[in-house]
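Student: Could we go through this model together, and could you show me how each label is earned?

Tutor: Gladly! Here is the structure.

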Amino acid sequence: MMKNNGWIGNYSYFRARINGDSEAVYDLDNNVHYTYNDLEDRANRLANYLKEKQGIKKGDRVAFISRNRIELIDAYYATAKLGAVLIPYNARLSSIEFEKLLNSETPKILFYEDVFESAVDGFRSNVNIEKYIVLKDKEGTADDVSYNEVISYENNSIVYCRELSLDDIHLIIHTGGTTGLPKGGMISHQSLIFNAFNEICTWGLNYQDSAFIILPLYHTGGWNLLTLPLLHCGGRIIINKQFDPKLTLEVIEKEKTTLLFGAATIFRMMS
């Protein structure tokens, strides 16, 4: 039983109680299907690892340099459980831009996808990251701790932060940086949950809805349209690392998704 605001940030726990065996995420690249029970289990393993092995606590910051992957979903729920702040960076930034943002925003841990190893090596000696964790698609790349080891952490007991409030920050999402260095927008638990509720109510979303997420998860659109609303209401999302217009049309036809959100440029490419 959750106590003392335990519901705030522990969305995966309550969703799993309602329809835990339902499919939540389809990882298209690896052809893996994850249920809501899977998301809760993975989030608890990651949260316990961050808490017990890395000393992550409320208010600490955890950063990602990655394309759309299941690990970002894990981290969203795990940081919420701990009251930590998740910072997903635009993977297209240069090493110099990463360096400036990391020194300004001071995350303790950096998760990075192995394809961005050279960019990480470019700033590694100039930032104060305490731990690097690599998301590997193949063996033999990078010497940092592999995420596969982290997500296999033995403690999967339920985690939640007693001191968490709706006003606490959960995500830092950056502006586009078209006129200078991207600026981090601080997004609270309250903003995230009420944005999700707003979309669920106004669009009539429910557990029968699904969407192919084609916007990046370092962008507000990637999270708020439609990832979080669908995961809140028990629906299903499909993710992959790289947008491809032909693939998108094929996935929509095969998976019979009920929703698709994209920028005008994306739809022109599909046309």
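Tutor: We will take the labels in turn and set values against definitions.

Tutor: This is a predicted model, in which local features need pLDDT of at least 70 and side-chain atom pairs count only at pLDDT 80 or more, while totals for chains, interfaces and linings use all residues. Residues are numbered from 1 along each chain as its sequence is written, and side-chain values use heavy atoms, with hydrogens and water left out.

Student: Why is Cys-233 not bonded to Cys-201?

Tutor: A disulfide is a pair of cysteine sulfur atoms within 2.5 Å. The sulfur of Cys-233 is 10 Å from its closest cysteine sulfur, the one in Cys-201, so the two are too far apart for a bond. A search of the whole structure finds zero disulfides.

Student: What makes Cys-233 buried or exposed?

Tutor: The relative accessible area decides: buried means under 20%, exposed over 50%, and partly exposed in between, with a 1.4 Å probe and protein chains only. Cys-233 has 11% relative accessibility, so this residue counts as buried. Cys-161, with a relative accessible area of 7%, is buried too.

Student: And why does Glu-149 get its label, buried or exposed?

Tutor: Glu-149 has 56% relative accessibility and therefore counts as exposed. This residue is found in helix H6 (residues 147–150); helices (H or I, at least four residues) and strands (E, at least two) are DSSP runs, numbered from the N terminus. Its C-alpha atom is separated by 9.6 Å from that of Ile-133, 16 residues apart along the chain.

Student: What makes Tyr-89 and Phe-98 an aromatic pair, and of which kind?

Tutor: Rings of Phe, Tyr and Trp (its six-membered ring) pair if their centres lie within 6.5 Å; planes under 30 degrees apart count as stacked, over 60 as edge-to-face and the rest as tilted. Nine aromatic pairs are found in the whole structure. Tyr-89 and Phe-98 lie 6.2 Å apart, centre to centre, with 80 degrees between the planes, so their pair is edge-to-face. Both Tyr-89 and Phe-98 are buried.

Student: How do you know the kind of the pair Phe-194 and Phe-197?

Tutor: Their centres are 6.1 Å apart and their planes 75 degrees, so this pair is edge-to-face as well. Both residues lie in helix H7 (residues 189–203), three residues apart, about one turn of the helix. Phe-197 is partly exposed because its relative accessibility is 38%.

Student: What makes an empty space a cavity, and how many does the structure hold?

Tutor: On a 1 Å grid over the protein atoms alone, a cavity is a set of points where a 1.4 Å probe fits but cannot get out, and a pocket is an open set with protein on both sides within 12 Å along at least five of seven lines; lining residues have an atom within 4 Å of a point. The structure holds one cavity of 30 Å³ or more, and the largest cavity has a volume of about 40 Å³. Its lining includes Phe-212, Leu-226 and Phe-261. Strand S10 (210–213) gives the largest share of that lining, three residues.

Student: Which residues lie nearest the centre of the largest pocket?

Tutor: Arg-92, Ile-214, Pro-216, Tyr-218 and Phe-243 do, among 18 lining residues. The volume of this largest pocket is about 410 Å³.

Note on methods:
Points joined across faces, edges and corners; volume = space filled by probe spheres on them.
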